[in-house]
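Subject: Handover of a structure and findings

Dear colleague,

Please find below the structure that I am handing over to you. The findings follow directly after it.

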Amino acid sequence: MSLQTSSAVISSSSAAIARLEPYPDSKNPIGSIRFQPNHLSFSYCKSGKISSRICAMSKPNDAETQSPSSSLVDTSLSPRVKSLKPSKTMVITDLAATLVQSGVPIIRLAAGEPDFDTPKIVAEAGINAIREGFTRYTLNAGTTELREAICRKLQEENGLSYAPDQILVSNGAKQSLLQAVLAVCSPGDEVIIPAPYWVSYTEQARLADATPVIIPTKISDNFLLDPKDLESKLTEKSRLLILCSPSNPTGSVYPKSLLEELARIIAKHPRLLVLSDEIYEHIIYAPATHTSFASLPDMYERTLTINGFSKAFAMTGWRLGYLAGPKHIVAACSKLQGQVSSGASSISQKAGVAALGLGKAGGETVAAMVKAYRERRDFLVKSLGDIEGVKISEPQGAFYLFIDFSAYYGSEAEGFGLINDSSSLALYFLDKFQVAMVPGDAFGDDSCIRISYATSLDVLRAAVEKIKKALEPLRATGSV
């Protein structure tokens, strides 16, 4: 593929990435290379310092930038929607996929999606549902069969006792999260979010007219929330604390002792609920263990547990997640779902029953996937940890590395320009070395970049070589 063709592909498919403004919770980029067209220095483009592909990213999307029609019809968008920020994870993932389809050899390390196929027995359950005509609407809350299976799973694996009317099955855990936030937050409430955080938490809080309150964590603390920091941020407006363990984007796992410390602080605040995102619970590396927050003393009534099938069972496309919590909150979320999407796919729910039937923690099938993830993690930690200036907190779960590359900020890359933040570094990796990763400012920490190792070792070996090659010329000018 010619450079001109590649540039055209990026111009048409990645305008959104160019328009992404930095998250207000993260550091503001101070240089000329950003995910914002208005701040991309066209003098750099004219001088040839930045490739034509990066310059093409600055072109606005006509469909979104054009002014409303001069006719009498008002086609303007609502302020609520216009205030939403696109997910950099989705934008970069889509861009990388588009480039690959167009013949550009991109190594894709952006998406949080298992590279394994859905287990055969699970896929067959979905196929059989179609063949047997199980293709109609189900109960809005989910089939009784699936909700009962989820109750058994929560009892046997997490020590939690729920009835089926305390379970709401949705079209993915993301929907479960949003409905929970909308159900319990009022305008002016505060949602406490430790950073780094998953990209959608802050935007979902804003959709509920709540205020995200970000608490930074440190790589030296394995990105775990310090109880003292939590206590200092709590006010009478504090309504919801969002915890994710194992974490996206860091892979950190909260030990039970730390969760108990947090729980003792939370117990002092009657209005404060906890949204516990446990979607990665089965992707965990011994000796780390998973503790469900609702299982802690006095936390059951104030915890909303989110889980699903996408990650552990490699079922991202099946769109199936669930909420477990107090009956009246689950009922409120169900009412909301009934007006938004109604129940999840009947076919996916049959597959979900089969997935939960694989055995505790997914049985040998999931254990084999976790073994592969661990091998990949170990390879990356060793290979990238040897690079001068790079800081790594070894993940204990999930399939992400959140790597501190900030020692290379301030470098001038020949043929590219100044690298002064995670966004410009991510663009440098993508443009010059064809490796797609997500800048850390999307997760509230501009010092890092997220790498997904949900791909083969061969792909990761190639990626490491490219990353090392990309960083090598930066050492002469960076502050490493």
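Which residues in helix 10 meet helix 11, and which residues in helix 11 do they meet? Please note before the reply that this is a predicted model. On the side of helix 10, the residues are Lys174, Leu177, Leu178, Val181 and Leu182. They meet Ser200, Tyr201, Gln204, Ala205 and Leu207 in helix 11. By class, this contact of helix 10 with helix 11 has 7 nonpolar, 2 polar and 1 charged residues.

As to the geometry of this pair, helix 10 covers residues 173-184 and helix 11 covers residues 200-207. Their axes come within 9 Å and cross at roughly 40°, which makes helix 10 oblique to helix 11. The crossing in which helix 10 passes helix 11 is right-handed.

I turn next to a sheet and the helix that packs on it. The sheet is open and has 3 strands in the order 9-14-13, with antiparallel pairing. At its edges are strand 9 (400-404) and strand 13 (438-439), each of which pairs on one side only. Strand 13 is joined to strand 14 (residues 448-452) over 2 bridges, in the antiparallel sense. Here Pro439 stands opposite Ile449 in strand 14. Helix 17 (residues 422-433) packs on this sheet and touches both strand 13 and strand 14. The direction of helix 17 makes about 45° with that of strand 14.

Helix 17 also packs with helix 18 (residues 457-471), at an angle of about 110° and with the axes 11 Å apart. Angles of 65 to 115 degrees count as roughly perpendicular, and helix 17 and helix 18 are therefore roughly perpendicular to each other. In this contact, Tyr428, Phe429 and Phe433 in helix 17 meet Lys466, Ile467, Lys469, Ala470 and Leu471 in helix 18. The residues of the contact divide into 6 nonpolar, no polar and 2 charged.

One residue of the sheet deserves a separate remark. Arg450 is found in strand 14. Is Arg450 buried or exposed? Its relative accessible area is 1%; because buried means under 20%, Arg450 counts as buried. The C-alpha atoms of Arg450 and Ala110 are separated by 7.4 Å, although these two residues are 340 residues apart along the chain.

Yours sincerely,
A colleague

Notes: Residues are numbered from 1 along each chain as its sequence is written. This is a predicted model: local features need pLDDT of at least 70, side-chain atom pairs count only at pLDDT 80 or more; totals for chains, interfaces and linings use all residues. Side-chain values use heavy atoms; hydrogens and water are left out. Axes are lines fitted to C-alpha atoms, for helices over the stretch in contact, and angles run from 0 to 180 degrees between N-to-C directions. Helices (H or I, at least four residues) and strands (E, at least two) are DSSP runs, numbered from the N terminus. Angles under 35 degrees count as roughly parallel, over 145 as roughly antiparallel, 65 to 115 as roughly perpendicular and the rest as oblique. A crossing is left-handed if the near helix is turned anticlockwise from the far one by less than a right angle, and right-handed if clockwise. Contact means heavy atoms within 4.5 Å. Ala, Val, Leu, Ile, Met, Phe, Trp, Tyr, Cys and Pro count as nonpolar, Asp, Glu, Lys and Arg as charged, and the others, Gly among them, as polar. Two strands pair if DSSP finds at least two bridges between them. Buried means under 20% relative accessible area, exposed over 50%, partly exposed in between (1.4 Å probe, protein chains only).
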